[in-house]
Amino acid sequence: MSDAVVTPAKSSDAPLSRLQLALRKPGFLIGAVILGISTLLALFPSFFAPYDPNFIDYLAVRQPPSWAHPFGTDMLGRDALSRVIHAYTVNMQMAILATVFALTIGITVGALVGYYRGVADMIFGRVVDAIITFPFLVLVIAVVAVLGPGLINMYIAITLVGWVYYARLMRAEVIAQMGNDYASAGIVMGYSDRRIIFRHLLPNAITPVIVYWMTDMALAILLGSSLGYLGLGAQPPQAEWGVLIAEGRNFITTAWWLSLMPGIAIVITGLGFSLIGDGLADLLRPRG
Amino acid sequence: MTDHPILEVENLCTTFSRGGTALPAVRDVSFALGKGQVQGLVGESGSGKSVTLRSILGLARHYGEVNGSVRWQGQELTTMSEWQLRKIRGREIAMIFQEPMTSLNPLLTVGTQLTETLKAHTDLGRRARRDRAIEMLDHVGIPAASSRLGEYPHQFSGGMRQRVMIAIALAASPKLLLADEPTTALDVTIQAQILDLILKLADEMSMGVVLVTHDLGVVAQTCDTVSVMYAGRVVEQGDVRQVLQTPRHPYTEGLIRSVPQDVPPRTQLYSVPGTPPSLFSLPEGCAFAPRCQAASEACGSARPTLQDIAPGRQTACFHPMPATQEDAA
Amino acid sequence: MTQTVMKIEDLHLSFPVSRSLLDMVQRKPGKSVNALNGVTLELLQGETLGVVGESGCGKSTLARCIVRLYPPTSGQIHFDDQDIFDEKARKDRTYNRRVQMMFQDPYSSLNPRMTTGDILTEALRVHEMRPEAEIASRVAELLELVRLPQDAAEKLPHEFSGGQRQRIAIARALAVEPEVLIADELVSALDVSVQAQVVNLLLELQERLHLTILFVAHDLRLVRHVSNRVAVIYLGRIVEIGDSETLFSSPSHPYSQALLSAAPSLDPDDKGAAIQLEGELPSPLNVPPGCPFHVRCRHVTAQCRTVIPELRALEGRGEVACHHSEEINQYA
């Protein structure tokens with residue numbers, strides 16, 4: 001027998017190493033730290049906040065930052081730091097709730113039209129064109145205007161518009177993956193369409209969608225705060241960064257900290273998502 | 001034809017580094033090439049044949065470290081500055097690649113790409129360049145050459161694109177052509193045309209050719225001398241007839257016998273067990289030892305060097321195959 | 001008498017080419033690439049039928065048609081007296097089990113996120129080849145069959161070399177115990193020394209498992225080595241088909257002659273008889289009228305330019321689609 005058993009090519013390093021490699025990158029590490037802290041603040045705001053965010057103290061209105069009130073106090077004497085911390089709950093919730101449904105719908109629709117093409121794909125193309133030609137914010141505001149202001153309606157509005165972006169990305173990825181013979185092999189093996197789409201194509205096509213999701217969560221916070229600022233999202237006295245910035249707007253020359261601090265919170269959290277997204281792209285890429 | 005060699009490669013070594021590990025892509029490759037001669041470099045993927053070719057023209061410098069000596073008409077190329085090399089590239093030494101589509105600029109017409117080369121390497125005037133471009137396209141067998149000057153690469157078929165590549169490479173009448181798998185992407189009938197063309201032009205312009213290929217048939221039909229490479233080293237080299245008809249290195253023999261020619265149909269083919277080693281984990285002694293049936297203990301610990309076994313014939317093996325009669329029936 | 005397992009009748013397939021805006025404005029008819037122009041073939045029980053031709057001739061399209069990756073524009077493929085493109089038959093996945101395919105590119109034909117074990121287990125489970133309890137041992141058996149070490153089951157495709165991946169692809173195809181294997185350029189992407197290993201494996205498995213194989217390749221020596229019969233395809237048509245040895249030692253169609261003589265011999269002194277073909281494969285977008293080969297043929301006559309030659313049996317040879325086979329072969 002001239003054909004001996006062949007040994008596999010040198011096996012690669014331990015499976016853990018990819019996460020370790022990713023964490024070795026400063027960007028990913030910083031992102032992970034930011035999001036870790038943000039999540040803790042969002043889950044247990046009362047534990048971290050020094051005061052009740054809605055406790056009104058008319059004797060201490062619009063005080064500048066001090067040891068007692070590191071972010072100062074607002075026009076009703078509420079502690080600004082406590083309000084920014086409590087806002088984490090609703091703003092982090094926004095990042096998830098405003099995107100997760102769009103993500104799920106987008107992945108499913110994108111994978112289906114990418115796999116089946118045909119008439120469904122043509123209709124999908126028109127829908128995408130129609131939605132994408134409108135500025136995102138204008139469209140969301142229009143939907144909220146119809147449904148009425150409030151957080152729930154805002155999530156519905158963002159989902160109605162946002163799924164298109166995920167679907168478009170997913171469709172393109174699935175079509176690209178269809179060019180690989182493992183997809184053809186699945187068909188030849190007689191596997192069901194559902195199995196080919198969800199078990200074979202999806203795991204290979206999803207990476208860019210997940211990475212986009214991370215940036216989109218940052219955008220969702222931004223969008224949610226914008227709507228809050230405009231009075232279309234979260235409603236006062238709810239502590240939400242957009243609402244906080246709006247409240248501070250009238251005092252921007254005398255009590256600048258009221259708008260600045262929640263603004264910084266938005267920037268830092270957004271940065272966290274973006275950094276994580278970059279690292280995830282490396283982490284999720286298949287080897288070889 | 002025993003005048004001075006125009007190209008002498010001596011102990012050429014090229015090392016890449018990947019993630020902190022030094023990869024010996026090419027080790028101690030030596031050969032010489034006379035005017036109008038065709039030298040083959042044959043081997044499997046990862047054998048270092050393409051890297052050797054790229055190291056000659058200083059292209060491997062950009063991603064690896066090149067040691068040893070490459071003398072081109074007496075000049076040392078390995079130590080030459082990029083600026084000096086540029087004057088030799090294209091004018092004296094030209095190169096063609098495997099994939100004609102990616103080595104042509106898709107946004108420029110074929111005529112422009114041809115005349116640019118001429119502008120860079122000759123003193124011809126505008127008119128003369130155009131005439132020469134038409135002449136070159138005609139020469140490589142592109143019909144209606146003058147009308148095709150204004151066309152873009154995508155308007156040509158694969159075989160025609162490779163002809164255009166050859167026309168561009170040979171426009172400045174180089175003395176040496178480096179060809180990296182020039183016909184691998186082409187069909188056999190086109191391959192035959194292209195190889196004939198290269199041979200004809202080499203003969204007419206008394207140009208030397210170094211041809212990299214994995215196809216022993218191509219070697220047999222085009223080369224005068226051949227070097228068989230394995231894991232970055234030459235394991236056997238010499239006159240193409242001698243090497244192919246009486247291989248002395250077990251790897252060469254395995255390679256030749258793996259080709260199903262003159263074997264009873266549907267019988268088991270001779271095959272070399274295992275796979276070529278990764279450059280990351282080369283065996284200690286002879287790189288071929290783990291796959292070699294003639295391997296002894298010595299092969300696992302010491303590496304055989306390239307030894308003269310006959311005039312102009314070398315092999316790197318402790319246990320070379322017996323030299324059978326020339327007319328082995 | 002050997003039995004016919006698959007019958008391909010007058011198979012046509014054309015892919016529409018997207019029209020440019022200019023064409024639409026000018027109301028030009030939509031163009032299409034005619035990949036298959038009437039292929040008729042029979043696959044016999046237990047044989048290896050080689051299919052050769054240049055790139056773009058339609059040989060891979062034919063292979064993909066057979067496993068229902070492309071539906072044909074017209075024509076039928078009968079398997080077990082059942083038209084496989086029949087509405088009812090299309091839903092029947094046992095056809096997929098019985099006719100399997102292996103692909104050219106060992107780097108894209110395996111899902112990069114599934115281990116070898118997952119890949120094989122999935123095939124076994126979907127087609128319920130073994131009861132759940134026996135699946136693990138069957139995976140081990142399959143690895144053994146294609147000579148991969150047992151620890152291969154836990155590894156991902158990127159940890160294997162090209163030749164090993166093709167072994168995995170073979171194991172996946174064999175997992176469902178097919179009767180017919182379609183090998184589309186199975187070893188073309190592999191190094192010569194590894195090619196021989198995989199070809200040997202295929203021949204051995206065919207013997208052991210009584211497989212019928214359609215071996216599509218552009219490497220003529222390989223096709224000659226593995227095939228019992230060979231079909232030569234040119235621009236989506238079979239121009240010659242017959243016994244492998246007869247066809248290779250004395251091809252009858254001028255195209256077969258040119259194709260075979262173009263393959264470079266290993267003997268440096270055997271430069272002689274190469275028949276140089278003029279020009280290149282015409283674009284399948286506009287196939288020449290008459291005999292598709294006439295624009296490159298040395299023996300072309302007026303008849304060839306207008307009349308399409310049909311495949312016809314030639315005495316002592318196979319079937320040839322050429323008007324002038326008799327005269328041509330007198331001199332050959």
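## Where the two domains of chain C meet

In this predicted model, domain 1 of chain C and domain 2 of chain C bury about 900 Å² between them. Carbon and sulfur atoms account for 59% of that area. On the domain 1 side, Tyr234(C), Arg237(C) and Ile241(C) are the residues to look at: together they supply 47% of the area that domain 1 buries against domain 2, more than any other three residues.

To find the two parts in your viewer, use the domain assignment, which gives domain 1 of chain C as 4-19 + 29-115 + 172-249 and domain 2 as 288-332. The contact takes ten residues from domain 1 of chain C and twelve residues from domain 2 of chain C. Taken over C-alpha atoms, the centres of these domains are separated by 25 Å.

## Polar and charged links between the domains

How many salt bridges are counted between domain 1 of chain C and domain 2 of chain C? The count is one. Glu54(C) forms a salt bridge with Arg296(C), and their closest N and O atoms are 3.4 Å apart. There are also four residue pairs in polar contact between the two domains, with both residues of each pair at pLDDT 80 or more.

Which element gives the largest share of the domain 1 side? That is strand β10 of chain C (residues 237-243), with six residues. By class, the residues on this side of domain 1 divide into five nonpolar, two polar and three charged.

## The interface of chains A and C

Let's move on to the contact between chains. Chain A and chain C bury about 3000 Å² between them, and carbon and sulfur atoms give 55% of this area. Chain A brings 33 residues to the contact, and chain C brings 38 residues.

Three salt bridges are counted between chain A and chain C. In a salt bridge between these chains, the side chain of Arg64(C) meets that of Asp181(A), at 2.9 Å from N to O. The interface also holds 18 residue pairs in polar contact, again with both residues at pLDDT 80 or more.

On the side of chain A that touches chain C, the elements giving two or more residues are α8 (181-188) and α9 (193-205) of chain A. This side has 14 nonpolar, twelve polar and seven charged residues.

## The open sheet of chain C

Strands of a sheet pair through backbone hydrogen bonds, in either a parallel or an antiparallel way. In chain C, four strands form an open sheet in the order β2-β1-β4-β5, and the pairing is antiparallel. The edges are β2 (32-44) and β5 (82-83) of chain C, each of which pairs on one side only.

Strand β1 of chain C (residues 4-16) and β2(C) pair in the antiparallel sense over ten bridges. For a landmark on this pairing, find Leu11(C), which stands opposite Val39(C) in β2(C).

## The open sheet of chain B

Chain B has an open sheet of four strands with antiparallel pairing, in the order β2-β1-β4-β5. Here the edge strands are β2 (21-33) and β5 (75-76) of chain B, each pairing on one side only.

How many bridges join strand β1 of chain B to strand β4 of chain B? Seven bridges link β1 (residues 7-18) to β4 (residues 65-72), and the two strands run antiparallel. A handy place to start is Thr15(B), which stands opposite Glu65(B) in β4(B).

Terms used. Residues are numbered from 1 along each chain as its sequence is written. Chains are lettered from A and ligands numbered from 1 in the order in which they are written. This is a predicted model: local features need pLDDT of at least 70, side-chain atom pairs count only at pLDDT 80 or more; totals for chains, interfaces and linings use all residues. Side-chain values use heavy atoms; hydrogens and water are left out. Domain bounds come from an automatic or database domain assignment. Contact means heavy atoms within 4.5 Å. Buried area is the accessible area (1.4 Å probe) that two parts lose on being put together, summed over both. A salt bridge is a side-chain nitrogen of Lys or Arg within 4 Å of a carboxyl oxygen of Asp or Glu. A polar contact is a pair of N or O atoms within 3.5 Å; within protein, one must be able to donate a hydrogen and the other to accept it, and residues adjacent in sequence count only if both atoms are side-chain atoms. Ala, Val, Leu, Ile, Met, Phe, Trp, Tyr, Cys and Pro count as nonpolar, Asp, Glu, Lys and Arg as charged, and the others, Gly among them, as polar. Two strands pair if DSSP finds at least two bridges between them.
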